[in-house]
Amino acid sequence: MGEAKDTLDIRGMICPIPVLKLTQKMKELQAGDTLMVIANKDNKTDVYGWCQKNNVEFTECIEEDKLLKFMIKKG
């Protein structure tokens, strides 16, 4: 897994909270920065959908135990 500038943990959160947290965190990052998002499997569609809607590059997804770790890159 690549190097992340910052991390966002959205485990246990239900929509719309993960999307709001993701939006806020990405505003704090600079273009080209990578964010690691730690989520439950239930949040998978929230993260994928948000990336598509906001033209954010989804670079990687790793499943560890019962968690997902997404790497997304701000354009």
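Is valine 56 buried or exposed? In this predicted model, valine 56 is buried, since its relative accessible area is 12% and the cut-off for buried is under 20%. Look for valine 56 in the loop that runs between α2 (44-53) and β3. If you skip the neighbours within four places in sequence, valine 56 touches Met26, Trp50, Cys51, Ile72 and Lys73. Take isoleucine 72 from that list: it sits 16 residues from valine 56 along the chain, yet 6.8 Å separates their C-alpha atoms.

Now follow the chain into the strands. Strand β3 covers residues 57-64 and strand β4 covers residues 67-73; the two run antiparallel, with 7 bridges joining them. Together β3 and β4 make a hairpin, with 2 residues between the strands. One thing to check in the turn is aspartate 65, which has a positive phi of about 55 degrees.

To get the register of the hairpin, pick out a couple of bridge partners. Phenylalanine 58 is partnered with isoleucine 72 in β4, and that isoleucine 72 is one of the residues in contact with valine 56. Further along, isoleucine 62 has lysine 69 of β4 as its bridge partner.

What about the other partner of β4? Strand β2 (residues 34-40) is also antiparallel to β4, and 7 bridges join them. Here valine 37 is the residue that stands opposite phenylalanine 70 in β4. So β4 has bridges to β3 and to β2, and 5 of its 7 residues are buried, which means that β4 is largely enclosed by the rest of the structure.

Next, the rings. Searching the whole structure turns up 3 aromatic pairs. One of them brings together tyrosine 48 and phenylalanine 58, in a tilted arrangement with 4.8 Å from centre to centre and 55 degrees between the planes. This pair ties distant parts of the chain together: tyrosine 48 belongs to helix α2 and phenylalanine 58 to strand β3, 10 residues apart.

How buried or exposed are these two residues? Tyrosine 48 counts as partly exposed because its relative accessible area is 30%. Phenylalanine 58 is partly exposed too, with a value of 29%.

The rings don't stop at that pair, though: ring pairs link Tyr48, Phe58 and Phe70 into a cluster. You have met two of these already in the strands, with phenylalanine 58 bridged to isoleucine 72 and phenylalanine 70 opposite valine 37.

Conventions:
Residues numbered from 1 in each chain as written. Predicted model: local features only at pLDDT ≥ 70, side-chain atom pairs only at ≥ 80, totals over all residues. Heavy atoms only, no water. Pairing = 2+ DSSP bridges. Helix = DSSP H or I, 4+ residues; strand = E, 2+ residues; numbered from the N terminus. Buried < 20%, exposed > 50% of the residue type's maximum accessible area, 1.4 Å probe, protein only. Contact = heavy atoms within 4.5 Å. Phe/Tyr/Trp six-rings, centres within 6.5 Å; stacked < 30°, edge-to-face > 60°.
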